[in-house]
Amino acid sequence: MMSRAGLADALQGLLHCPVERDRPLSALSTLGVGGWAECYAEPTELEDFLVLRRFSHREGVPFHIVGGGSNVVFADGPIPGIVVSTRKWDAVWWMPAGERVVADVQSGHSLASLAGVAAKEGWTGLEFALGIPGTVGGAVAGNAGAGGRGMGDCLEEVFAIEPDGSLRRWRAGEFSCTYRRCSLASEGRLLLSCKIALRPGLRIEIEGNLERFRSLRGIQPHGVRSAGCSFKNPDGESAGRLLDRCGCKGMVSGDAVVSDSHANFILNRGRATAEDVLSLVRACRDRVLERTGILLEPEIKFLGMACALAPEEERGGPRLG
């Protein structure tokens with residue numbers, strides 16, 4: 001693989017946007033942990049996204065895409081290859097479509113902001129997303145949702161750069177969305193934008209929906225550094241309740257701690273590292289498995305880390321108390 005300096009120089013000659021070396025990443029994560037990107041870019045043009053994806057594919061350079069950083073933990077040290085942020089790729093167009101409206105949204109747009117505008121304008125279908133942090137692209141990839149509703153319920157189309165660098169429009173019916181997963185979120189595919197279809201709603205209906213989804217988030221920690229839910233809910237169960245019943249609240253690893261208000265949230269008390277968070281995720285997962293037989297699947301993504309999340313007894317390592 002070419003050197004960091006060589007990689008940055010090669011990319012800078014091809015792009016309209018700046019390429020940064022050794023860019024600190026902790027500020028791009030809602031949890032506030034992580035090291036630095038060897039090469040980092042924030043494209044504002046489609047051509048730059050295409051150049052970056054095709055270059056990484058051709059040269060075999062690791063490629064990482066980052067949105068709002070709400071469910072990601074960056075490795076503590078250098079992250080090799082290219083880290084690409086979508087936060088400046090955030091335009092939205094509202095298009096009438098008969099009795100509906102279609103929002104054509106670039107992947108870096110704030111999901112909560114989009115939901116807020118839709119509710120204010122009297123369009124229903126996105127109320128579930130008002131309190132969900134992160135970007136539209138990340139929400140599509142993880143089929144973000146709440147209260148039985150999710151992004152897949154309103155998606156009409158997804159526009160993507162495929163792993164080989166080609167462009168493709170995926171229309172409803174050509175992809176599937178299940179709990180916290182979209183079939184398009186495969187390795188190497190870059191989701192550029194999507195079309196979301198909404199319908200007009202009565203003000204009382206929209207306000208009722210907003211209140212219902214607010215109440216679902218009432219016990220979640222607020223005003224603290226968190227990566228969102230640590231684990232996905234297993235079938236027919238709540239990850240938070242399982243973690244609570246197994247005594248995970250208050251468990252610590254370094255400066256990472258399981259929230260006392262909601263056991264499915266890990267907080268950064270100030271100087272947590274990515275390894276602190278990973279150790280705590282492992283410990284919580286192992287404790288729930290040991291006491292219930294249920295293996296929780298992490299919802300947090302660990303970027304740049306070779307994170308073996310096998311149960312503790314398979315690894316043979318020490319267990320956190």
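What follows is a conversation between two colleagues about a predicted model and the reasons behind some of the words used for it.

Colleague: Before we start, how confident is the predictor in the chain?

Modeller: The mean pLDDT of the chain is 90, and 94% of its residues reach 70 or more. One stretch to treat with care is residues 312-321, where pLDDT stays under 50. For those residues the model has 22 contacts beyond four places in sequence.

Colleague: Let's take S29, then. Why is S29 called buried?

Modeller: Buried means under 20% relative accessible area. S29 has 2% relative accessibility, so S29 counts as buried. S29 sits in the loop between β1 (19-24) and β2 (36-41). Leaving out residues up to four places away in sequence, S29 touches G69, V72, F74 and R225.

Colleague: And why is K88 called partly exposed?

Modeller: Partly exposed covers the range between the 20% and 50% cut-offs. K88 has a relative accessible area of 48%, and therefore K88 is partly exposed. K88 belongs to the loop between β5 and β6 (92-97). Beyond its neighbours within four places in sequence, K88 is in contact with E42, P43 and T44.

Colleague: How far is K88 from G108, in sequence and in space?

Modeller: They are 20 residues apart in sequence and 6.5 Å apart in space, C-alpha to C-alpha.

Colleague: What makes the phi of D22 worth a remark?

Modeller: Most residues other than glycine have a negative phi. D22 is not a glycine, yet D22 has a positive phi of about 55°. D22 is found in strand β1. With a relative accessible area of 33%, D22 is partly exposed.

Colleague: What about the phi of R180?

Modeller: R180 also is not a glycine and has a positive phi, of about 55°. The place of R180 is the loop between β13 (177-178) and β14 (181-182).

Colleague: Now the interior. Which residues have the most contacts inside the largest nonpolar core?

Modeller: They are L25, V73, F74, L243, V277, C284 and F302, in a core of 39 residues. Two or more residues of this core come from each of β2, β4 (72-74), β5 (78-85), α6 (239-245), β18 (256-258), α7 (274-292) and β20 (301-303). The largest share, eight residues, is that of α7. There is also a second, separate core of 30 residues, and among its members are V105, M151, C154 and A160.

Colleague: What makes a space a cavity, and how many of 30 Å³ or more are there?

Modeller: A cavity is a set of points where a 1.4 Å probe fits but cannot get out. The count comes to one cavity of 30 Å³ or more. The largest cavity has a volume of about 40 Å³. Lining the largest cavity are V105, S107, V136, G137, V140, V158, L191, S193 and C194. Both α4 (136-141) and β15 give two or more residues to this lining.

Colleague: How does the lining of the largest cavity divide by class?

Modeller: The lining has six nonpolar, three polar and no charged residues. Gly counts as polar here, and G137 is one of the lining residues.

Colleague: And the second largest pocket, what is the make-up of its lining by class?

Modeller: There the lining has six nonpolar, three polar and seven charged residues. About 220 Å³ of space lies in the second largest pocket. Of its 16 lining residues, T124, G125, E127, R149 and R199 lie nearest the centre. Both β15 (190-200) and α5 (203-216) supply at least two residues of the lining, with α5 giving the largest share, four residues.

Colleague: Since you mention α5, is F213 in that helix buried or exposed?

Modeller: F213 lies in helix α5. Its relative accessibility is 3%, so F213 counts as buried.

Colleague: How do you know which residues F213 touches?

Modeller: Contact means heavy atoms within 4.5 Å. Apart from residues up to four places away in sequence, F213 touches E127, F128, A146, G147 and R149. F213 and E127 are 86 residues apart in sequence, while their C-alpha atoms are 7.4 Å apart in space. E127 and R149 also appear among the residues nearest the centre of the second largest pocket.

Methods. Residues are numbered from 1 along each chain as its sequence is written. This is a predicted model: local features need pLDDT of at least 70, side-chain atom pairs count only at pLDDT 80 or more; totals for chains, interfaces and linings use all residues. Side-chain values use heavy atoms; hydrogens and water are left out. On a 1 Å grid over the protein atoms alone, a cavity is a set of points where a 1.4 Å probe fits but cannot get out, and a pocket is an open set with protein on both sides within 12 Å along at least five of seven lines; lining residues have an atom within 4 Å of a point. Grid points are joined across faces, edges and corners, and a volume is the space filled by probe spheres set on the points. Buried means under 20% relative accessible area, exposed over 50%, partly exposed in between (1.4 Å probe, protein chains only). A nonpolar core is a set of buried Ala, Val, Leu, Ile, Met, Phe, Trp, Tyr and Cys residues joined through side-chain atoms within 4.5 Å. pLDDT is the predictor's confidence in each residue, from 0 to 100.
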